[in-house]
Each structure stands twice: as structure tokens, then as C-alpha cells.
Amino acid sequence: MLLSIRGLTKSFPGTRALDGVSFDLRAGEIHALLGENGAGKSTLIKCLTGVYERDAGEILLDGRPVAPQSTHDAQTLGIGTVYQEVNLLPNLSVAENLTFGRQPSRAGLVQTRKMRAQAEEMLSGYGLDHVNVAQSLGAYSVAVQQIVAIARAVALSGKVLILDEPTASLDSAETEMLFSVVRDLRERGLGIIFVSHFLDQVFSLTDRLTVLRNGQHIVTAETAEVSRLDLIHHMLGHELEEAEHRRHATKTAQQSVLTFDGTGRRGKIAPFDLTVSRGEVIGMAGLLGSGRTETADMLFGRTPPDSGKAHDDDGPVSLRNPREAIAAGFGYAPEDRKTDGIIGELSVRENIALALQARRGWWRPLPRAEQRELAERYIERLDIRTSGAEKPVGELSGGNQQKVVLARWLAMNPRFLILDEPTRGIDVGAHAEILRLIGEVVESGMSILLISSELDELVAASDRIIVVRDREHVAELVGEDIETDAIVRAIAASDAPAAAPAAEVAR
Amino acid sequence: MSAGIRRILPQLLTLLAVVALITAFFPSFLSVEMVDGRLVGSAIDVLKRGAPVALLAVGMTLVIATGGIDLSVGAVMAICGAAGAWAISNDYPLVAALLIALAAGLACGLWNGVLVALVGIQPIVATLILMVAGRGIAQMITEGRILTFSHDGFAFFGSGTIFGVPTPVILWLAVGILFTLLVRRTALGLLIESVGINRRASALSGVNATVLLVFVYMASGICAAVAGIVATADIRGADANNAGLWLELDAILAVVIGGTSLLGGRFSIIASLIGAMIIQAIDTGILLAGFPSEYNLVIKAGLVVIILVLQSPRLSPRISAALSRRRKEPAPAGSATEARE
Ligand SMILES: Nc1ncnc2c1ncn2[C@@H]1O[C@H](COP(=O)(O)OP(=O)(O)OP(=O)(O)O)[C@@H](O)[C@H]1O
Ligand SMILES: [Mg+2]
């Protein structure tokens, strides 16, 4: 056995995150680690790599007990890790991030050219040819940063590679590339731990799987011998209630609430027309960097439009900054929850109340009791796993942080809510729950712009789908046309050799 | 409420320890008498002399909570003191002189706030400009002299008493309480913390980060103005070169001892005020001890290092863990320690 964990236990104030968990990793296998949001997956990994000090239990690597005290220690032992929340240094260059701590140097001076060559070598095979390794990392999208983190961990892992939700912000082409790298590593005899909420990926990639629930070990099995339904049952402890597909309304004469005429911004997204009807879900599909997030940022006034007009029944709507957009009844749950969504040290309660409070103004504080009530309601409604409303949101598991950001905007009850990848990092059970919730709020008249890389999700939830390519809205699918194949065709249909892997453009 | 006490407990304990240490050597430290209708004693002296740093610490806490820093407060003290002294010696009425000084502080804060929030200069650089230029401005007001005056009404803010308590003490208490109420009875405190922790996410949630940033620098400016009035009134003269000299560093130190992170976020004005008193108690204690004056700064630095190490977030959990482990020791089944090996 390459790595064995025995009786691992870890408690945080108010939570027992891991309760006597055992886990084995063979050399030359890809082992999926699965479980609901807050099940303890990331905590297990952090105990393994010394980020957290474990309360009890032992870890054997090649039969010898080890006790790494930091990620660096773990690397020295041959354990490379990509954490769920990528922790790189955005101000340093891509090359520096890749070689950090091991830069080639002579006489104490970093040999820049050699370092860049090394970095390019490390990145080759991930299809990031357009990335300039001398650029600062922060200039690139989350997806590129994710791949840089992976490339770095791969290079550092001599025996074990740990990937905590590595594909959450990758598109299918990038995911495939990552998988071929991972399979190569398996051939070379590494043990790989793979955490993901994408069950398709689990079935196509992994050899064995282990399920955790509420910090306890539930089952370990050969992936091939587990059915999808059983797996979900192990994870949730009950059957999955599938969200119903929406009826793809082709209703006539819908009541329009918002109209955008020729709205666009040079260098971000070409001008487009869009009419939003009351109670409608508009899906938005496209590759990463195609202009989806740019559209959202623009509609919400973050990078305000430089052409076109927006208006509603009462006249023109001004969108020069997020506050104006909010005043106009917009809401926006952004893609990157860590930098744009949560306020880590504030409590769950304060995070949920924040937008509401900002709209009321500082001189009219939302009474504490009302905030509590609000928080309790959404903790219940979105099934946010936390030991209480006063827990700092940064201490929640990744998927539960995402739910808090959703709660913040649902509490605002906007008339037009933009959701950019709202189910990223969310487990299967909650995923269905969120789709159901979208259906529910839409019934009450809210309109939603749903941006997602998961086509199934778009198909299930949308009334119509806008396809974005090369920073332009290129197609719109309605009614019967809404199905995954049609979306894929529309995304790919271009004169250039199609499916060009996610042409990421520096922001 | 208990959470509020828990927040300031480390600072309270530190203050107690420092006071206990001083009292152990100078039993008279805590004795307070009434002489001619005013309270006198070393402890009262600490409260009074600590006033400028305490006042600065109030505004500095808000600035630091946003992730910024205000290096200019010492110089702003000098400007406002000079402006007040100039007004009073030119026979302006007392109220006008005070308003001129406060307005000067607000203007300085506005300048800093605009540089930071609108122009986007890093706070340390933005406020460095006024830190350097401010003394020049103050010298221009005093025309390079020490601008003395004799006006009992103005001097009252430095050396007067109210019910026996020195006016500066009343002032810093009042300013501290006022600002605490202002930020905690409204949503200002929450919004400031949220901007300090994550400005991008706050702005996307509709928080007006720009206005909040300008506000905290103006708050710092007005606190510096009050401190400047106290310092000037105390010596009945405006000394552009020395008023408030290096006090910005003590104010920052007070905030740090008060447990507010220089990275921004959660803050406590009360804890910063206690921090200011800790610093002043150390200063006074060293003076009382009669060490050769050249040792003072080194001893102060040493004590501050000890305090910060004991309070550091990396260490304090270990210390409390070690303490609780010792408490649990009798139970032999406490296997947590063994299992880790
Ligand atoms: N630093 C921390 N402080 C306090 N509690 C924590 C901390 N980190 C994790 N927890 C708690 O431990 C539990 C397990 O969290 P963990 O991050 O391991 O979940 P996860 O399985 O990775 O979930 P997800 O799929 O959402 O990423 C959660 O209840 C979480 O709130
Ligand atoms: Mg996790």
C-alpha cells in the first residue's frame, strides 16, 4: 500500500469534520474521494498534507508513519497537492508561480531565462500555448490559474498527487487534457486522489472510490462495481429527487421586464440585443473566455457598457456601476466565489445580509434579529452545512460558501438575477435542489440569466439559450431546439477549425 | 455582550499585567488623591498623557480596518494645533478657533481619502505625502516660531478638569464612545469590515467602498485634530516641529496591540484604546523606574515584542492549548497527545 490513513479524526469548534476515517491508496491507481458538501473531503486532504494538525489517527507512506507539518513538508515526502481554493501568488509571473521555491539560480541569482524555459516545459501538454509565462498570473482567468496550479503540483509529486475539485472551473477540452496527464502519471506508478462532484468524470477516470458522509467513512469500492444510483445513495444517505425539466416555455406575448438595445463594450463583448421576460430563465452557453462572464460583468455595471441602451417599462435604466444595477433590481452571483463572492472573516449571517444592508444604507442597520431570521431561513432552505449562523464563512466547505453567495442574492429578491456558474463545486443533492429553487423563484416572477458550462443543467433549467463565441452572441436556441447536441454544435460552428480549446484571453 | 468582553479580554489582561508589574515596584502607582478639586496620581497621569495616542488610535482603528494605514496623523496634529493657536492668538472666539482646527483635520482627511479611494494610491504612500508635507504646512502657519498664546478657555482642553478629571481624559473617552456608537449602532462598522476583508466582493454586493474609504480617513483626520487641540492647549503653544512627532507610530502600535489586523477586517475601538493605555503605562512605568533615559526606547520595544508575541494568532492557540492540556493532564486517557506521535 502506497499510502494508508488509519482512524483519522479532526474536530473544529462545533463540528467533527472527520471521525475515525481510514483510507488506502495504491500505487498506480486513481482513487476518487466523494461526498456531499461539508462531508470532510478537503479536511482529510489538509490533515494529510499538514495544513491542519490532526487530533488522532496515523498516516503511513510506504509503510512508514509520516507527519508532515506543512504543504512544503508534504512535497518533500513526494505528495503534491492542488487545493480546492487555488493558492498561488497573482502578482508573480506564471513562471515564478510554477517554479516557486525551486527557481534555477546561479550564485544566488535567479536565472530568468532558464526558469521560463522550465515553466514552458511544465505547461506543455496542457494546451496553454497562448499563455506567456513572463506575464503575471493574475492577468489570466481562473481556469488558467487552475491549470498552473495543477502543473506545479504534478511536477512536485513524486509519489502521490492530490487533486481537490481540479475540474470545477475547466471546460471539457481542458478537462480531457488534464485527464490524459493524470493517466500518464498513473502509468508511472503514482497514486492519485481525485475529488470531484462530477460523477461522469469519476466513472470515466477513477479505479476505486471512497465515500465520506458527515465526516465518516461510508464505503470503499472498485469504481466499475458501483452503480451511479448506489453511489448517490452512499453520498446522500437517501435517494436523489431529480429536478423536473422545465417546460421550455414558448409562451406567446410574455411580459417583458427589461430590454437591452445594442448593449456592448469594446474589447469585451460585441453589442447585442436582449429582451428579458418576466419569470424566464435565459441560459448562456459558451467556452471559457468566450464572453459569458464578460456579458455578466457588463450587465451588472462592473465593466459598464460603452454602447447601447437598457430600459424597462418606466424608461431608461442606468448601469454605470454595481450599485446602479442593484438599484435597478439586478443581482449577480459571480463565478469566482473566493475573490468576488464571500467576505471570508464575516459570519454566514453577515454575508447573507450584506447586499440587503448595503441597499438600505449604513444609517439604517438591519436589526440583528431580522438578520438572524434571514440567515436561519436560507441555511434551512439551501441546506447550508454550518455549525451556526455566526460561523465565519471562510470556514465553511467550498460548496457551502457557494450557497451562501446564492443566499445573499436570493434574499434581495431581485427582478433580474445573473448566476455565473451557480452550481460550481456543489454536490449532486444540492445541485438538484438549486435547480428546483431556480424553478421556484422564477414562478414568483424573477427572471434569471444562468451561465453554465454544464449543458445538462442549462437544458434542464432554461427557457431559451444564448450561445456565445469569440465575444459575440452568435445563436439563440428556443423551444424544441434546446438540447445538448444543438448547443455543442452552436458552440463549435465556426469557420475556424472548431472546438479550439478554450481560447482564454488575458483579462 | 459576552462576545464583546471576550474580544477585549487579552488587552484587558495585558493592561492588568503591566499595571501589576508597575505597582509591584511602585506601590504608590495606583494611589489617587483629590488635591485642589482635581484628581492626582500616577494612574491619572497615565490616562491624561495617553490622550493624544488614544485619540489618534480611534481614527487609526477605522483606517486599519479597511486595510489602510494613516501615517499623517502626527503631522495633522501639528497642522490643527497650529491652526487653532493661530486663530486664538488672532483673537478669534474660542468656538471659532476650535472649529477651524477641526475643519483643518477634516480637510487633511479628505485629501488622504481622495488619494486613496479615488486616485488609487496605496495608503502608506498616499499618507506619507501629508506626513512629510504636513509639518511644512504647520510651520507656515506658525511662521517658523513656537506660536504661544494665553487663553484660559483654549488651555482648558489641555490642562483643565471636569469634576476633577483632566479634560483630555474626558475627551478621549467621549470620542471613543461616540465613534463606537456611530459604527456599531449603524451598519458602518460591518460595511467597513467587509470592505477591509474583500473590497471587490463588497463592491459587487453594492457596498459603496469609495465613500467608506473617504469617511475613515476623514474620521482619522478629525481625531487627529482633537489630539492636536489637546497637545497645543496643554503647552499653551503650537510647536510645528514637535507636536505629535512619531505619535502615528504609537497609534498604529495601539491598534495592533488592540488586536486589529493590519490586513484589515474585524476591529475594536475599545481594544485600541486599551492598547493606547498599555503603551502609556509602559512609558510612565519606565520613567518612574528611573532607568537612564537612553534605555527607555529599548525597554519599551522589548515589552511591546513580548505583548505581541503572546497575542499573536499563531501562538495564542498553542498557548491556550498547552494550558488546557496541562489542566487535563490528570486524566491518563487523554490520548490526543500520544496519538499525534
Ligand atoms: N478551518 C475550519 N474551521 C472550522 N470549521 C471548518 C474548517 N474547515 C472545514 N470546517 C468544517 O468541516 C466540515 C468539512 O469541511 P470540508 O471542507 O472538509 O468539506 P468538503 O467535503 O471538502 O466539502 P465541499 O464539497 O463543499 O468542498 C465542514 O462542516 C466545515 O464547515
Ligand atoms: Mg472541499
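**Exercise 1. Work out how much area chain A and chain B bury between them, and how the contacts are spread.**

Start with the total: chain A and chain B bury about 2,400 Å² between them, with 60% of it on carbon and sulfur atoms. Buried area here is the accessible area (1.4 Å probe) that two parts lose on being put together, summed over both. This is a predicted model, where local features need pLDDT of at least 70, side-chain atom pairs count only at pLDDT 80 or more, and totals for chains, interfaces and linings use all residues. Residues are numbered from 1 along each chain as written, chains are lettered from A and ligands numbered from 1 in the order written, and side-chain values use heavy atoms, leaving out hydrogens and water.

Next, the contacts (heavy atoms within 4.5 Å): 33 residues of chain A touch 26 residues of chain B.

**Exercise 2. Find the salt bridges between chain A and chain B.**

Look for a side-chain nitrogen of Lys or Arg within 4 Å of a carboxyl oxygen of Asp or Glu. You'll get two between chain A and chain B. One of them pairs E350(A) with R266(B), at 2.6 Å, N to O.

**Exercise 3. Name the protein donors of the magnesium ion (ligand 2) and place them in chain A.**

Donors are N, O and S atoms within 2.8 Å of the metal (3.2 Å for Na, K and Ca); water is not among the atoms, so sites may look incomplete. That picks out S42(A) (OG) and Q84(A) (OE1), 2.0 to 2.1 Å from the ion. S42(A) sits in helix α1 (residues 41–48) and Q84(A) in the loop between β6 (79–82) and α3 (94–99), so the pair ties together parts 42 residues apart in sequence. Helices (H or I, at least four residues) and strands (E, at least two) are DSSP runs, numbered from the N terminus.
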